[in-house]
Amino acid sequence: MVSNPSKISISSFPQVVSETEGLSSLKPVVAILDDDDVARKRMELIWNLSGGSFDFLQCKSPSEIWAALDSRRVHVLLLDRDLGKDPTGNLTNGIDLIPELLEAQAHLQILVLTGSDSVSEVVRAMSYGAANFIVKDTDDSLILAQIGKA
């Protein structure tokens, strides 16, 4: 039971990585799904640049984003292409998750944020429903602008 409806705690979802502040139901929710700690930290810094204009969730595995999507409406998802190995040892490609993610929340704006600039991967991501494809070395202010645009 949430005692203050304007704040939602994610403490009951321990698989969702820490938040900087409580989630506000009035702000859009932006999540990142990336297995790389450095990439998630960078996105937290970009969130700080935004002045906290959106709530920010950090997820390091597909199971964590599924838990987040089950518990709240997420407006924008920053999705990495290379998500490491799944429990069976197979490599997980975030682009392959796009159709299922959109099935879970059809309004979701997915920004593929990856180190690859492969044209075939861009085309595949966009054909699956991604809103945009951003290379990780893009300037922070441009990433923030893309989040705002989504």
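In the predicted model, G129 counts as partly exposed, with a relative accessibility of 34%. This residue is placed in the loop between α4 and β9. When neighbours within four places in sequence are set aside, the contacts of G129 are with I98 and L102. A further residue, I95, is separated from G129 by 34 residues in sequence, while the C-alpha atoms of the two are 9.6 Å apart in space.

The protein chain that holds this loop contains five helices and nine strands. Along the sequence, these elements of the protein chain are arranged in the pattern β-β-β-α-β-α-β-β-β-α-β-α-β-α. Of the 150 residues in the protein chain, 43% are buried. Among contacts in the protein chain with a separation of 6 or more, 64% involve residues 24 or more positions apart.

An open sheet is formed by five strands in the order β4-β3-β5-β8-β9, and the pairing is parallel. Its edge strands are β4 (55–59) and β9, each of which pairs on one side only. From one strand to the next, the twist averages 20 degrees. In general, the strands of a sheet pair through backbone hydrogen bonds, in either a parallel or an antiparallel manner.

At the β4 edge, strand β3 (residues 29–33) is joined to β4 by five bridges, and the two strands run parallel. Within this pair, Q58 in β4 is the residue opposite which I32 stands. Helix α1 lies across β3, β4, β5 and β8, and runs at about 180 degrees to β4. Helix α2 (residues 62–71) also packs on the sheet, where it touches β3, β4 and β5; the direction of α2 makes about 145 degrees with that of β4.

Strand β8 (residues 109–114) is largely enclosed by the rest of the structure, because five of its six residues are buried; the cut-off for burial is a relative accessible area under 20%. Strand β5 (residues 76–79) is joined to β8 by four bridges, and these strands run parallel. In this pairing, I110 in β8 is the bridge partner of L77. Four bridges likewise connect β8 to strand β9 (residues 132–135), again with the strands running parallel. Here the bridge partner of V112 is F133 in β9. The chain passes from β8 to β9 through helix α4 (residues 119–128), and this β-α-β crossover is right-handed.

The packing of two helices is also described for this model. In general, two packed helices are characterised by the angle between their axes and by the distance between the axes. For helix α1 (residues 37–49) and helix α5 (residues 140–149), the axes come within 10 Å and cross at roughly 75 degrees. Helices α1 and α5 are therefore roughly perpendicular to each other, a description that applies to angles of 65 to 115 degrees. On the α1 side, the contact is made by R42, M43, I46 and L49, and on the α5 side by D140, I143, L144 and I147. By class, six nonpolar and two charged residues take part in the contact of α1 with α5, with no polar residues.

How values were computed: Residues are numbered from 1 along each chain as its sequence is written. This is a predicted model: local features need pLDDT of at least 70, side-chain atom pairs count only at pLDDT 80 or more; totals for chains, interfaces and linings use all residues. Side-chain values use heavy atoms; hydrogens and water are left out. Axes are lines fitted to C-alpha atoms, for helices over the stretch in contact, and angles run from 0 to 180 degrees between N-to-C directions. Angles under 35 degrees count as roughly parallel, over 145 as roughly antiparallel, 65 to 115 as roughly perpendicular and the rest as oblique. Contact means heavy atoms within 4.5 Å. Ala, Val, Leu, Ile, Met, Phe, Trp, Tyr, Cys and Pro count as nonpolar, Asp, Glu, Lys and Arg as charged, and the others, Gly among them, as polar. Buried means under 20% relative accessible area, exposed over 50%, partly exposed in between (1.4 Å probe, protein chains only). Two strands pair if DSSP finds at least two bridges between them. A crossover is right-handed if, with the strands pointing away from the viewer, the path from the first strand over the helix to the second runs clockwise.
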